[in-house]
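Got your viewer open and ready? Load the model, switch on side chains, and follow along one stop at a time.

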Amino acid sequence: MAESVAVICEQLIKAVNVMMDAESSQRYRLEALKFCEEFKEQCPFCVPCGLQLADKSQSPVVRHFGLQILEHVIKFRWNTMPQQEKVQLKNCAMGLLSNGTHFILEEESHIKDALSRIIVEMIKREWPQQWPDMLKELEDLSKLGESQTELVMLILLRLAEDVITFQTLPSQRRKDIQHTLTQNMDSILSFLLTILQLNVDEYRRLKSDPSQELKARAHSRVGVATLNTLAGYIDWVALVHITNEQCRLMEILCLLLSETELQLEAAECLLIAVSRKGKLEDRKPLMVLFNDVAMHYILSAAQSAEGSGLVERHYTFLKRLCQVLCALATQLCALVVRKSLAYQTFFPGNLNKFMEAFLAFTTHPSQFLRSSTQLTWGTLFRHEVLSKHPVIVEVTSKYMRATMTNLVKTGFPSKSDSPSCEYSLVDFDNDEDFNTFFNSFRAQQGEVVRIACKIIPLEAFQMAGEWLQYQVKSPIDVGPTMCESTKTAEGLCSILSPSVVQWDAMTFFMESIVGQLLKTLEKEKVPVDQGIELLQAMLSYETRDPLILSCVLTNVSSLFPFVTYRPHFLPQVLHKLFASITFEVIEESKAPRTRAVKNVRRHACSSIIKMCRDYPQFILPCFDMLYCHVKKLFSNELLLTQMEKCALMEALVLISNQFKDYEKQKAFLEELMAPVVVRWLSEEMGQTLLNPVSFLAFVGADQVMNDSNIEDQTGINRSRISFCVYTILGVVKRARWPADVEEAKAGGFLVGYTPSGNPIYRNPCDTNWALRYETFARAYDVMDVEKNVVLGLPQPVLEIYDSPVYKTSLERMQGFFCTLYDNCFHILGHAGPSLNQDFYTIEGLAEQLVSSVLINLDHVPDHRLRAMLHILSLVVSCPQEYYDSLLCPLLGHLFAYMLQVSKVCGEKQVTQEMLEEELLRLDIYMTFLTISFNCLCWKDTSNCQRTASQVCWTLLKQIVGGNLLPEAVTWFYTSVLKGLQVHGQHEGCSAALTLLAFLIYEALRPRYSELRVVMTHIPNIQLEALDQFDQRLLNPATQKAGEKKRKEQFKKLIAGTVGKPLGQQFRKEVHIRNLPSLFKKVKPEVNRDILETSESPALVSLFSPLQDDI
């Protein structure tokens, strides 16, 4: 046998070397692999060969293969091995732990991992029943040296991971091992802490002695391994084990924060411990971290972050420590609650030191660390009790000052102009990645600033004002001049110029504070004078730089609410905005405008719309002046773009809603819309829109494309059509009757009441425009912007230098079709809720819509179908009396088409309320049901989960009480099971589909026995359990189990439908046998009849008729 083993081992060594040799050919490597795999599966000498190959005299790759052989034997042959061989293999494995490894610093980590796996696999099969002294043997092993102690730590960690975290054992074995671990947890944790303390003490004693460097590093390595093992247990053991002995474990971990070699692992343990959930009383001992010693070490470690430079391991430690502080703050917020007037007694000590440590991360150069603190700041500032504490109030001011720095966009990984840049190189792949992160980070800061403003509103506004005044007085800094700067006008800023990033940050800060300030303070306490002073500074600030001017306009818009206290400033504000609407960098330039210039003009238009929307009554006295100015601008056709004209018209319509006089508003709208109505109803436009060929010729789509920038006649035609559609959309969207019924009645808007008593209004923008949609159901190729959105590619927001926007004829044509198509559906969507009865009473409306909007859908590209979702607004606002005449033919046609296509566009963005209240009465119910259940097995996880949880049962439960065909019931249920087969391995989908299957089975099984037939075809189903479940379901009187238990039973029944992921379909199954349970619960005897006891004959005889003679 020894000779055979030696020969086989020699062959195995050659095979392993061939597999691992980079010079080996693919053929030889495959042959060697085949030989090794066949050996593991068939050879009876696996154990002696594995032990011989695992000897430490062999090379690491050979030793690792030898250990793999032993692991394979334990996994797949353990159940058939004689007991004597099991004991022998266990003893040999323990021998490898004792003397089969090199010195701790020399041994390969994969060898240690393989050794620990072998022991853990045996533990999973034999402990505690057949190996009761396992823990004692591991403890004895740890006394042999640092190498053995590290291996013991790895074993205990892997055991916890397999049993608790990954749960890779059968249920009964897992319960036995977990129960035994729990019973011995005091001794296990005590053992771990003792090992940790001993090795840390030795490390501290030896680290200063150069001659003992290796020994010190060995003790450090054991300390790291012990901390990693602790982390595997702290996550799930009872909190009492963590907090006993006055939180000795927590204090040790805090002390280790000062040890460079151990601080990262100590911080990870702390993070797990502090993040634990549970009863508040159990978590209260965690506040020991606020005592003097613990907080001293935490504060010292946090402050070491400042100016320490970038060392990657230390940076990772800082991230963990930041998470620890965030988790500790969360615990603090949970524990500090107002239970009585004496709630102050719940505050821990050293709160000021804790906030000082936390603030250190908010001021750290790393943008990632700064962002990691934001959610916690928001939680603290939002807390009912803590937000009023003097320490928190004081630190709020410091947070605001830090935020003023953090809002400045610096730290791009490609640059070196900020201390943040070197940290960004570690955290972000490129500038686009950083830019996406920073936008999210800025939004977080804005939310926290608004919350903090509630605590110190006046002080926050003063900070914002000082910053604004500083920016006004500061000269414009364009930044370093580069050769690319020729792309923009001389002397203008780029988006990353120092002045622009400062102005941008200040503007965001001001915008966040002013909005909250006005909500927080009482009207008489609002700092009107200071606000007006800042507004005047913006109104008087002159700049020809479009990026700076855009920030100025935002500040004007933010500070506008102060004008409501000083109305005489309104004309100045309007003058500033109107001047910006016609802004040009170079007057009378024929070159296309840059993006920055376009943004300024759009920004000014948006600001006017926002003012008219939010303060229409305030601006109403200036309506005539505003209208005159708009007409003056309109007189020059080239001065404004069509979109800018429509924006100004929208603003006028918003103010006109305050007339509260139907005839007056109608007259105004007729005057405003006169040019649009004339053009839209002209004979030329009628011929153009009624004939697709004429329409394509009219807009130039049938011409040969060229890149000339000269605007031809077809370009003017497209512009005029766009203007008409934009204007119609704006008026339909903005024109409204008064919200108050009495005001509407007095103004002539109320024309009657519905049978249910709801008022019927008329809109001053009546429907005499005869909208046409025939050709607008056609659009062409996907635009580049849309492609980027679909592909998830970032938009080119980091194009530093602005340049004129030149578009080819093809790009202009694509943009025209895209916006025209979308806007037509927007008009439809707004027409219902805006025009109400005037719209729904149009004769033949359903036929017109079906024959125009929904015609030729097969030719509409998938990416254009999403626009049809706007029709749902028309559906929701439809009065009930028009359901049959309008909704049934409209939605019936649409859903019939959706059933035919291979994929449904949109994401069923239909609210549950609409499904229940609107679609219940429609004949297209089964069509929509078919679509919904069909998509459960499509290879689209998010769509499956959303449909299963939100749509399917919402629809199906409305008809389960009716007479459904058995085939339909079977199909519905089978569709859900097919969905489980495809998506069951995903937790979210599995939960949604399992619940859906449970609801269907419970609701329909009593009437449809066909469902049981379906269940019998599920792989590995236990028919006896199915019969029991059905019996309880069919006989509700015997139903004792609660809903939760019934769901668990049902989940076990259909478990066989869940398909395996591709990576697990060909894995060899590992079987672990159950051992006799050590912890059987003794069931109490229930309702035992006293007459059935051993004394029953005597008792019965007492009541026998024969005893009557007694």
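Select Gln 374 and Arg 370 to begin: in this predicted model, the side chain of Gln 374 reaches the backbone oxygen of Arg 370 at 3.1 Å. Gln 374 belongs to helix 19, which covers residues 374-382. Is Gln 374 buried or exposed? With a relative accessible area of 1%, Gln 374 is buried, the cut-off for that label being under 20%. Now show the neighbours of Gln 374. Leaving aside residues up to four places away in sequence, Gln 374 touches Thr 362, Tyr 399, Phe 441, Gln 444, Gln 445 and Val 448.

Next, widen the selection to the whole of helix 19. Besides Gln 374, the buried residues here are Thr 376, Trp 377, Gly 378, Leu 380 and Phe 381. Which helices do the buried residues of helix 19 pack against? Colour helix 16 (312-335), helix 17 (351-362), helix 18 (367-372), helix 20 (390-406) and helix 22 (431-453) to see these partners.

Now for some backbone stops. As background, most residues other than glycine have a negative phi, and most peptide bonds are trans. Go to Trp 127 and Pro 128, where the peptide bond between the two is cis, with omega near 5°. Pro 128 sits in the loop that runs between helix 6 (109-126) and helix 7 (134-141).

Move along to Gln 167, a residue other than glycine whose phi is positive, near 50°. You will find Gln 167 in the loop between helix 8 (146-165) and helix 9 (171-183). Gln 167 counts as partly exposed, at 43% relative accessibility.

Then pick Cys 247, another residue that is not a glycine and has a positive phi, of about 55°. Cys 247 is found within helix 12 (residues 239-255). Cys 247 is buried, its relative accessible area being 2%.

Time for helix pairs. Two packed helices are described by the angle between their axes and the distance between the axes. Show helix 8 together with helix 10 (residues 185-206): their axes come within 12 Å and cross at roughly 145°. The crossing of helix 8 and helix 10 is left-handed. On the helix 8 side, select Thr 149, Val 152, Met 153 and Leu 156; on the helix 10 side, add Phe 191, Leu 192 and Ile 195, and you have the contact. Colour this contact of helix 8 with helix 10 by class and you get six nonpolar residues, one polar and no charged.

For the second pair, display helix 25 (residues 528-539) and helix 26 (residues 546-559). Their axes come within 9 Å and cross at roughly 150°. Angles over 145 degrees count as roughly antiparallel, and helix 25 and helix 26 are therefore roughly antiparallel to each other. Their crossing is left-handed. What does helix 25 bring to meet helix 26? Select Gly 531, Leu 534, Leu 535, Met 538 and Leu 539, which meet Val 552, Asn 555, Val 556 and Leu 559 of helix 26. In this contact of helix 25 with helix 26, seven residues are nonpolar, two are polar and none is charged.

One last selection: Arg 602, in helix 28 (residues 595-614). Arg 602 counts as partly exposed, at 43% relative accessibility. Add Thr 641 and draw a distance between the C-alpha atoms: Arg 602 and Thr 641 are 39 residues apart along the chain, and these atoms are separated by 10.0 Å.

Notes. Residues numbered from 1 in each chain as written. Predicted model: local features only at pLDDT ≥ 70, side-chain atom pairs only at ≥ 80, totals over all residues. Heavy atoms only, no water. Axes fitted to C-alpha atoms, helices over the stretch in contact; angles between N-to-C directions. Helix = DSSP H or I, 4+ residues; strand = E, 2+ residues; numbered from the N terminus. Parallel < 35°, antiparallel > 145°, perpendicular 65-115°, else oblique. Left-handed = near helix turned anticlockwise from the far one by under 90°. Contact = heavy atoms within 4.5 Å. Nonpolar A, V, L, I, M, F, W, Y, C, P; charged D, E, K, R; others polar. Buried < 20%, exposed > 50% of the residue type's maximum accessible area, 1.4 Å probe, protein only. Polar contact = N/O pair within 3.5 Å; in protein donor to acceptor, adjacent residues only side chain to side chain.
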